[in-house]
Amino acid sequence: MTELLKKNLDLKKIEFWAASTVYAFGLMLLLAKVANSGDTEIWTPYRYMFNNYHLHYSYSKYYFFPQVFRYTGYYGGFLFWNFVIVPALAEKRRVVWNVILGLMLLAFFWGLFGITDTWLKGYLFYHKTADYVYNLVFKLNVIYALWVMMMLTFYSAIKYSAQYLLGNVDKIQAKYRILTRNCIIAIVVVMIVTFLMTLSDFPVELITCFVITAPTAIGIYALSFYSLIPQTLAQNKGIFIYLLKVAGIMIIIGLPIGFITNLIFEHSEAVFIVFGFNSGAQILLTAPFAWIVYKRMLAGNQEITYLKTALGRSTADLDFLRSQINPHFLFNALNTLYGTALQENSERTAEGIQRLGDMMRFMLQENMQEKILLVREIDYLNNYIALQKLRVQTSPDIVIVLQIEEHLDGLQIAPMLLIPFIENAFKHGISLREPSHINISLQTKDNTLYFDVHNSIHPKVLNDTEKYNKGIGLENVKQRLILLYPNKHELVIRESAKDFFIHLTIQLK
């Protein structure tokens, strides 16, 4: 609702089409009655007066056309007032001229209502003089024209007030802490409902009761959140004490409310009726509602605090584990072993130590980022594959084929996303006793990654610790793909008795 009122263009469109719809609907209702007016008597507000004077009544002449003119006047007057006069006055442009236009609109309504009323009340001409009828009709319609202008002004005041309140919720709440976001929205709703009740000609007693009860409810709700409930809970008291406080407030404000009510109503009994209804509504409805909402909000805040504490504890534990690894010590140790291996002419050992160091550096640094360059992910894959080759390069029956693209145009990917598939291939696809193969392909085209891994499968021996491993790594990477690349990836997995194949496509941009 706030965003809607911030978009003036959208609000103007809504106002225009709403007014046009109401206007068209009113004309359709009038036209629907015209079709039946020749066969049946259509009830209208003044038809009974024509019947009392035994006068012929024409629905089209004495109701349809006058009402069409009135509806058109309402529609055109609203558009002119709402889209021409009021915006100019709000922006203080040509104020005098627009005030004159407002007075001209008032005169237009007066003339329109006076002329159409001479047809709606045409029975008057059959027993009164024309001067008397015109004098009566135009005097009465001065008041009606003023009422219509008052309603248009009331509507504009509500609209601009709502725009200001809902467009500055955060500023108002920062300045007046007692006014929560819900209270500001409730104030706007009360203004709109009051306008609709006034426009619909509700009884004055009902409008007065609503205008007193609704703002009081907003005030009790705001005061409860700001002061009453926090104080009650701080004193370790329950809802009963809180309701007693609300009852005391209702007694205090009962005197000014009673004075206002006494000015409006003629009967003193109405003062006690409004006071009883208002007090009962606040104590039995508004106050308990505010208590429930506040308690739920309090429980939600406590849960958020608990989760933040748990997250902080987990982060601290992770930092502690990282500190125990002491990467500087490990890298220094690996560099020492690397230098020793070179002195002893152990080139395979030196290469393995260097690649292992690069992998550890990747896991401790770049693996913590949300996205990394695809070339860095591929470096990690190449280091892992090279280490595995060192392990199996003495076996001639193991064939490892790589087709990995090198120029990748700065594409990025979530780290450690591809390695589980390659780990799975070496874990289940390599046997030192049987012919084995692993084919790995990685290509990119139009910012899309195409990744294929095809490997042989060998039955696990009885004492193999991986025999009952169901591929937790693959399940984990499936979940990561769903979270990180929703609707932007495709994973195909096929398995036979001797082969395992995966095909992965990811839209990286």
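**Exercise 1. Place Leu285.**
In which helix is Leu285 found? Then decide whether Leu285 is buried or exposed, and state how far Leu285 is from Ala217 in space.

*Solution.* This is a predicted model.
Step 1. Leu285 is found in helix H11, which covers residues 269-325.
Step 2. The relative accessibility of Leu285 is 59%. Exposed means over 50%. Leu285 therefore counts as exposed.
Step 3. In sequence, Leu285 and Ala217 are 68 residues apart. In space, their C-alpha atoms are 9.0 Å apart.

**Exercise 2. Repeat the steps for Leu166.**
Find the helix of Leu166, judge whether Leu166 is buried or exposed, and give the C-alpha separation from Ile184.

*Solution.* Step 1. Leu166 lies in helix H6.
Step 2. Relative accessibility is 1% for Leu166. Buried means under 20%, so Leu166 counts as buried.
Step 3. Leu166 and Ile184 are 18 residues apart along the chain. Their C-alpha atoms are separated by 7.2 Å.

**Exercise 3. Take stock of the whole protein.**
How many helices and strands are there? What share of the residues is buried, and what share of the surface belongs to carbon and sulfur atoms?

*Solution.* Step 1. The protein has 16 helices and 7 strands.
Step 2. It has 509 residues, and 37% of them count as buried.
Step 3. The accessible surface is about 31200 Å². Carbon and sulfur atoms account for 63% of that surface.
Step 4. Now take the contacts between residues at least 6 apart in sequence: 70% of them join residues at least 24 apart.

**Exercise 4. Check the span of helix H5.**
Compare the expected span of H5 with the distance between its end C-alpha atoms. Then name the helices that its buried residues pack against.

*Solution.* Step 1. H5 runs over residues 95-120, which makes 26 residues.
Step 2. At 1.5 Å a residue, H5 should span 38 Å.
Step 3. The end C-alpha atoms of H5 are 37 Å apart, so the two values agree.
Step 4. The buried residues of H5 include Leu101, Leu105, Phe109 and Asp117. The buried residues of H5 pack against helix H3 (47-52), helix H4 (59-90) and helix H6 (130-167).

**Exercise 5. Trace the salt bridges.**
How many salt bridges does a search of the whole structure find? Work out which residues pair with Asp117, then turn to Glu475.

*Solution.* Step 1. The search finds 6 salt bridges.
Step 2. Arg70 and Asp117 meet in one of them, at 3.4 Å from N to O. This pair links distant parts of the chain: Arg70 is in helix H4 and Asp117 in helix H5, 47 residues apart. Both Arg70 and Asp117 are buried.
Step 3. Lys121 also meets Asp117 in a salt bridge, at 3.3 Å from N to O. Both Lys121 and Asp117 are buried.
Step 4. Glu475 forms a salt bridge with Lys478, with the closest N and O atoms 3.5 Å apart. Both lie in helix H16, 3 residues apart, about one turn of the helix. Glu475 is partly exposed at 43% relative accessibility, and Lys478 is partly exposed at 29%.
Step 5. Shared partners join Arg70, Asp117 and Lys121 into one salt-bridge network.

**Exercise 6. Map the nonpolar patch.**
Which residues form the nonpolar patch on the surface, and which helix gives the largest share?

*Solution.* Step 1. The patch consists of Val204, Phe259, Ile260, Leu263 and Ile264. Together they have about 520 Å² of accessible area.
Step 2. Helix H10 (residues 239-264) gives the largest share, 4 residues.
Step 3. Phe259 is found in H10. Its relative accessible area is 55%, so Phe259 is exposed.

Definitions and conventions:
Residues numbered from 1 in each chain as written. Predicted model: local features only at pLDDT ≥ 70, side-chain atom pairs only at ≥ 80, totals over all residues. Heavy atoms only, no water. Patch = residues over 30% accessible without salt bridge, like charges linked within 9 Å, V, L, I, M, F, W, Y side chains within 5 Å. Areas by Shrake-Rupley, 256 points an atom, 1.4 Å probe, with all protein chains shown as cover. Salt bridge = Lys/Arg side-chain N within 4 Å of Asp/Glu carboxyl O. Helix = DSSP H or I, 4+ residues; strand = E, 2+ residues; numbered from the N terminus. Buried < 20%, exposed > 50% of the residue type's maximum accessible area, 1.4 Å probe, protein only. Contact = heavy atoms within 4.5 Å. Expected span 1.5 Å × (residues − 1).
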